[in-house]
2 protein chains.
Amino acid sequence: MKTDLRVFKTKDALRNALMHLLEQKSLNSISVTELCQLAKVNRGTFYAHYGQVENLFEEYFKTIMKDLADSYQEPYKYVKNLLSKDVNPATIRIFHHIEKYETFYRIVFSRTVPLSYYYLLFDHVQSLIRDDVSEHYLNGIDIDISMVSAYQANAILGLAIEWHRQDFKQSAEEMNRLLVRILSI
Amino acid sequence: MKTDLRVFKTKDALRNALMHLLEQKSLNSISVTELCQLAKVNRGTFYAHYGQVENLFEEYFKTIMKDLADSYQEPYKYVKNLLSKDVNPATIRIFHHIEKYETFYRIVFSRTVPLSYYYLLFDHVQSLIRDDVSEHYLNGIDIDISMVSAYQANAILGLAIEWHRQDFKQSAEEMNRLLVRILSI
DNA sequence: AATTTTATTGTACACTTGTTCATTAAATAT
DNA sequence: ATATTTAATGAACAAGTGTACAATAAAATT
């Protein structure tokens, strides 16, 4: 069954209002009241759909994660000449993805945001990496794949964190080259 | 100049109250009001010292980070027979540290907590690693040390995250062995 | 021991939060 | 087109938030 038109409208209004507010102030400083005023939606209606402003943001989050998974589908496009035996070219797409949604990732990596967003991102990268790890690295080695992929996924995210910290001054391309160099050390 | 005795008393009462409350409920669900009631401190006094409950927690955080730095001082004690050329034995102390303060790290790694705590932890691990990285790995190699240490620090924290996720079922010793194995792949 | 300094208290205020419920109105189904 | 379903509204509630300020009391200074 399809969603009620009214539900669609309110959710749309709320998402738009949130996006506008996020250009001015940080996520955690946006109150339910001001959000509803801007969206012209009753506060009670907001609470009927979301428990807090963060839940609304998480809905947007999922569409971004969809793009991350998509870019994983066409991996060998940009990095074919950078590969060493240890580098997964799909992995390396993540920097282009982050560059594409820079505004979004400035929020995800901001200090005041709940850790759950980082985990959502971590989960996705980990599961993207997990397949390759078990395929290319661990032939017959008895080791917890979750641990290995957690290690590698978070290492990449460590670069992303440092990248964010340096205000994304490097290009995604440079980040790719950096990763390859680190892996070859 | 030393701190006023009254200030010391109120901070002490607040910290104790917070620790008691954290045994029952999650950090973000603790209100300033209930905290002050338990601590028998005026709400206005709380706001004179901290802006929010989180700030109080962060003060406790610093004492834990102090222990992390301390355990870094006596590194070769527990892991001397686990070393490969790539493993920094000091690095590997982190799992024992986390095990020691498990209750605390269950909070730091919980979803609802602000990302800033993770960053505080990340900062410490990164700076601990930074020295060794520049010393042992990068002899004459021109590469951003912040990036390399961010990569390695967060990789370790990735294991910690996965460890937390698996409810710390492994011992710190097992985590050490795991790390060594991953590094040798 | 008396005086000065300053942290804490109690009270008050406007505001946000999260929830409830009867009323209204929009969308879907007949 | 009409009836039915159900989402959105508005109002009201108790509780928490963040801030301000005069009164008090505890600590530091002399």
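A residue is near a molecule or strand if one of its heavy atoms lies within 4 Å of it. With that in hand, let us start at the DNA. This is a predicted model, in which local features need pLDDT of at least 70 and side-chain atom pairs count only at pLDDT 80 or more, while totals for chains, interfaces and linings use all residues. Residues are numbered from 1 along each chain as its sequence is written, chains are lettered from A and ligands numbered from 1 in the order in which they are written, and side-chain values use heavy atoms, leaving out hydrogens and water.

Around DNA strand C there are 19 residues, of which A:K9, A:Y47, B:T10, B:N42 and B:H49 come nearest. Of the strand C atoms that come within 4 Å of the protein, 65% belong to sugar and phosphate. The surface near the strand divides into five nonpolar, six polar and eight charged residues (Ala, Val, Leu, Ile, Met, Phe, Trp, Tyr, Cys and Pro count as nonpolar, Asp, Glu, Lys and Arg as charged, and the others, Gly among them, as polar). At least two residues of this surface come from each of α1 (5-22), α2 (32-39) and α3 (43-49) of chain A, and likewise from each of α1 (5-22) and α3 (43-49) of chain B. Helices here are DSSP runs (H or I, at least four residues), numbered from the N terminus.

Now look at individual atoms. An N or O atom in the side chain of A:R6 sits 2.8 Å from a base nitrogen of DNA strand C, and a polar side-chain atom of A:R43 is 3.0 Å from a base nitrogen of that strand. B:R6 instead places a backbone N or O atom 3.0 Å from a phosphate oxygen of DNA strand C.

Next, follow helix α8 of chain A, residues 145-165. Its axis and that of α9 of chain B (residues 172-184) come within 11 Å and cross at roughly 65°, which makes α8(A) roughly perpendicular to α9(B) (65 to 115 degrees). Here A:M147, A:V148 and A:Y151 meet B:M175, B:L178, B:L179, B:I182 and B:L183, with contact meaning heavy atoms within 4.5 Å. The residues of this contact are eight nonpolar, no polar and no charged.

Within chain A, the axes of α8(A) and α9(A), residues 172-184, come within 11 Å and cross at roughly 135°, so α8(A) is oblique to α9(A). The contact joins A:I156, A:L159 and A:W163 of α8(A) to A:A172, A:M175, A:L178, A:L179 and A:I182 of α9(A). By class, these are eight nonpolar, no polar and no charged residues.

Terms used
Axes are lines fitted to C-alpha atoms, for helices over the stretch in contact, and angles run from 0 to 180 degrees between N-to-C directions. Angles under 35 degrees count as roughly parallel, over 145 as roughly antiparallel, 65 to 115 as roughly perpendicular and the rest as oblique. A polar contact is a pair of N or O atoms within 3.5 Å; within protein, one must be able to donate a hydrogen and the other to accept it, and residues adjacent in sequence count only if both atoms are side-chain atoms.
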